[in-house]
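Good morning, and thank you for making time for this item on the agenda. I would ask you to keep the sequence and the structure in view while I go through the main points.

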Amino acid sequence: MLLTREADVFEGSRARLEAIAYRLLGSASDAEDAVQETYLRWQAADREYVETPEAWLTKVLTNLCLNQLTSARARRETYVGEWLPEPVLAGGSMLGPADTVEQRESVSIAMLTLMERLTAKERVVYVLREAFGYSHQEVAELLDITESNCQQVYRRAKQHLSMERARIEVDEAAARRIVEEFLTAAVTGQTDMLVRLLTDDASIIGDGGGFIPTLSRPLLGADRIARFVRMAIKPTNSTWDKLGGNPTMYAEIVNGMPALVLVHEGRIVGMVVMQATADGIAAIHAHVNPEKLAYANRQWAAAEHGEPLPEIR
């Protein structure tokens, strides 16, 4: 009975822990591992001395993520091509609270990518303050630093993460409209229309992890991106063969943004996430590394889907 009660305490915190870990690590699979390790330590702990389970669990998880961030930086130095955070479909517990603009922004692919600029401590302070509303005192206690130091770290993090354009809120209808407009312009060869959908300084980044050919470096500028997308979307492009042939396409919401999801034989083989702003699409993040689509594929298998988009011709 005691074990059941203690397990219930942990399960009550699991979703929050997953959401914290995902924002800190940018990886759904690593976040799951960190939460599982936190659970094992919770099982082994002398809970007689745990005054506040939520604070204890958050501190353990935070320390695990700090260690993970240090080793992750070393791994990413040898990563093949550009590195992007793992994408998560709408509804996933990893995305956590979405009541405020700050909470929604903190889980966008663009912001998770920007957070790679931060030190591990800056990332923890920023995430806990912005996305989960922890006070400086609470964060300081978790990190064993002074409150004034915590405030300084937070200010530095905010300076590094200033977003030039405000994102827009996207529901299912808006996501489908944006993706359909993008796909129509690309498929029909209307490069001018595609350029109009993008901001002048838009960027596109591809993450294939060495498994699937993609851009070797970010591509900048609406004109260059439009030409690249027009070429890449053609069914004759050799990349389609790597993805298993001509996939079925869906418009979905991924990390709060509209996304073109490519599905072959019931599995997601690619995600093209668009950072939608009031000025247009400011960034495109193309995820085709199969290892980093594992979590999204579990989501896909467990969910119902709307109608697919028209086939490319």
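I begin with helix 7, where the buried residues are His136, Val139, Ala140, Leu142 and Leu143. Viewed down the axis of helix 7, these buried residues fall within an arc of 160°, so they line one face of the helix. They pack against helix 3, helix 6 and helix 8. I should state at this point that the model is a predicted one.

Directly after helix 7 comes Asp144, with a positive phi of about 60°. Asp144 belongs to the loop between helix 7 and helix 8. Is Asp144 buried or exposed? Its relative accessible area is 63%, and Asp144 is therefore exposed, the cut-off for that class being over 50%. As general background, most residues other than glycine have a negative phi. Asp144 is a residue other than glycine, and its phi is nonetheless positive.

A second residue of this kind is Asn255, which is not a glycine and yet has a positive phi of about 50°. Asn255 sits in the loop between strand 3, residues 248-254, and strand 4. Here the accessibility is 0%, so Asn255 counts as buried. To set the two side by side: Asp144 is exposed, whereas Asn255 is buried.

Let me move on to helix 8, which runs over residues 147-160. What span should one expect for its 14 residues? At 1.5 Å a residue, helix 8 should span 20 Å, and its end C-alpha atoms are indeed 20 Å apart, so the two values agree. The residues Cys150, Val153, Tyr154 and Ala157 of helix 8 are buried. These four cover an arc of only 100° around the axis, which puts them on the same side of helix 8. Their packing partners are helix 6, residues 120-130, and helix 7, residues 136-143.

Helix 3, residues 53-77, is next, and I will look at two of its residues. Thr62 is found in this helix. With a relative accessible area of 0%, Thr62 is buried. Which residues does Thr62 touch, once those up to four places away in sequence are set aside? The answer is Val124, Leu128 and Leu143. Leu143 has already appeared among the buried residues of helix 7, and helix 3 is one of the elements against which those residues pack.

The other residue of helix 3 is Leu57. Leu57 is likewise buried, at a relative accessible area of 0%. Neighbours within four places in sequence aside, Leu57 is in contact with Phe10, Ser13, Leu17, Thr38 and Trp42. Leu57 and Asp99 are 42 residues apart along the chain, and their C-alpha atoms are separated by 23 Å.

A brief word on helix 2, residues 28-44, which contains Gln43. Gln43 is partly exposed, its relative accessible area being 44%. Between Gln43 and Ser27 there are 24 Å in space, C-alpha to C-alpha, for a separation of 16 residues in sequence.

I now come to helix 11. Its buried residues are Ala222, Ile225, Ala226 and Val229. Around the axis they cover an arc of only 100°, and therefore lie on the same side of helix 11. The elements that cover them include helix 9 (172-187), helix 10 (191-197), strand 1, strand 2 (219-220) and strand 6.

Helix 11 also leads us to my last topic, the second largest pocket. Which element supplies the largest share of the lining of this pocket? It is helix 11, with four residues. The volume of the pocket is about 440 Å³. Its lining is made up of 23 residues, and those nearest the centre are Phe228, Ala232, Thr239, Val272 and Ala286. At least two lining residues each come from strand 1 (198-207), helix 11 (222-232), helix 12 (238-242), strand 4 (257-264) and strand 6 (280-287). How is the lining divided by class? There are 19 nonpolar residues, four polar ones and no charged ones.

To close, I return to two points. The buried residues of helix 7 line one face of that helix, and the lining of the second largest pocket has no charged residues. Thank you for your attention.

Definitions and conventions. Residues are numbered from 1 along each chain as its sequence is written. This is a predicted model: local features need pLDDT of at least 70, side-chain atom pairs count only at pLDDT 80 or more; totals for chains, interfaces and linings use all residues. Side-chain values use heavy atoms; hydrogens and water are left out. On a 1 Å grid over the protein atoms alone, a cavity is a set of points where a 1.4 Å probe fits but cannot get out, and a pocket is an open set with protein on both sides within 12 Å along at least five of seven lines; lining residues have an atom within 4 Å of a point. Grid points are joined across faces, edges and corners, and a volume is the space filled by probe spheres set on the points. Ala, Val, Leu, Ile, Met, Phe, Trp, Tyr, Cys and Pro count as nonpolar, Asp, Glu, Lys and Arg as charged, and the others, Gly among them, as polar. The expected span of a helix is 1.5 Å times one less than its number of residues. Buried means under 20% relative accessible area, exposed over 50%, partly exposed in between (1.4 Å probe, protein chains only). The arc is that of the directions from the helix axis to the C-beta atoms. Contact means heavy atoms within 4.5 Å.
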